[in-house]
Amino acid sequence: MATQYEGKFSTSPPPSHPNLTLDPTVEHNVQLTEPQSRSRRINMDSFFSLLNRVSDSGTATPHNNPHATPTLPDMANIFRLLQDQMQTLATTAPTTENRTFLMELVDVLDQDILDPPDRLQGVGQEFLDSLDRVSRKKLGEEDDCAICKIPYLEDKYCLVVELPCKGAHQFDLECVGPWLRSKGTCPMCREEMGKKKKVVVEEDEEEDDMDMIYA
């Protein structure tokens, strides 16, 4: 016997739509986000927060007593946080050469952690601000930072700096900044940046003194 619903429903497959294309980024009406660009840079907020507790003279002092003697545990922790940065990068190093380089920096920091200095030898923020910037036009597609190994041109906001060492080594400022602020040397050749800057200042002062004499 036929029912009132007979003929209203069909078991045949729905007609195809040859002109309909599915967007692979849309699933269940949810727009999927595009993959983010790779990044191996480490968040160094804790490092800089601790570094800010160090006075301009380079000694660690509690906020409530500016005349207190340096706190060596704080000094050791500065280098420990820097070492953590290098160790974390080393675990995901894209090449054996990069991992070896990073572990060499880790070994250098061991001594600073075991026997922390009472005064930081790093450069000031004004030194970082004065570093020569490298124009993107001068960078090649394969040029990368020796620390993070990310090609510079992959990051449109990357700030590449050239150190005033004999090798004129270039780094991503975000990567090399913590090392320079605490160690004050080029990570590649270990040339001391702080002393180099002081020599330049002394020469300028001597020239000014001579000008005053002849004036």
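Select helix 2, residues 72–91, together with helix 5, residues 173–182, in this predicted model; their axes come within 11 Å of each other and cross at roughly 150°. Because angles over 145 degrees count as roughly antiparallel, helix 2 is roughly antiparallel to helix 5, and the crossing of these two helices is left-handed. To see where they touch, show the side chains of Ile 78, Phe 79, Leu 82, Gln 85 and Met 86 on helix 2, and then those of Cys 175, Pro 178, Trp 179 and Ser 182 on helix 5. Coloured by class, the residues of this contact divide into 7 nonpolar and 2 polar, with no charged residue among them.

Keep helix 2 selected and add helix 3, residues 96–114, whose axis comes within 9 Å of that of helix 2 and crosses it at roughly 165°. Helix 2 and helix 3 are therefore roughly antiparallel to each other, and helix 2 passes helix 3 in a left-handed crossing. On the helix 2 side, the residues to display are Ala 76, Phe 79, Arg 80, Leu 82, Gln 83, Met 86, Gln 87, Leu 89 and Ala 90, and these meet Arg 99, Leu 102, Met 103, Leu 105, Val 106, Leu 109, Asp 110, Asp 112 and Ile 113 in helix 3. By class, the contact of helix 2 with helix 3 comprises 12 nonpolar, 2 polar and 4 charged residues.

Next, turn to the second largest pocket, which holds about 160 Å³ of space. Select Thr 95, Glu 97, Asn 98, Phe 101, Asp 144, Ala 146, Lys 149 and Met 188 to bring up the residues that line this pocket. When the lining is coloured by class, 3 of its residues are nonpolar, 2 are polar and 3 are charged.

Conventions:
Residues are numbered from 1 along each chain as its sequence is written. This is a predicted model: local features need pLDDT of at least 70, side-chain atom pairs count only at pLDDT 80 or more; totals for chains, interfaces and linings use all residues. Side-chain values use heavy atoms; hydrogens and water are left out. On a 1 Å grid over the protein atoms alone, a cavity is a set of points where a 1.4 Å probe fits but cannot get out, and a pocket is an open set with protein on both sides within 12 Å along at least five of seven lines; lining residues have an atom within 4 Å of a point. Grid points are joined across faces, edges and corners, and a volume is the space filled by probe spheres set on the points. Ala, Val, Leu, Ile, Met, Phe, Trp, Tyr, Cys and Pro count as nonpolar, Asp, Glu, Lys and Arg as charged, and the others, Gly among them, as polar. Axes are lines fitted to C-alpha atoms, for helices over the stretch in contact, and angles run from 0 to 180 degrees between N-to-C directions. Helices (H or I, at least four residues) and strands (E, at least two) are DSSP runs, numbered from the N terminus. Angles under 35 degrees count as roughly parallel, over 145 as roughly antiparallel, 65 to 115 as roughly perpendicular and the rest as oblique. A crossing is left-handed if the near helix is turned anticlockwise from the far one by less than a right angle, and right-handed if clockwise. Contact means heavy atoms within 4.5 Å.
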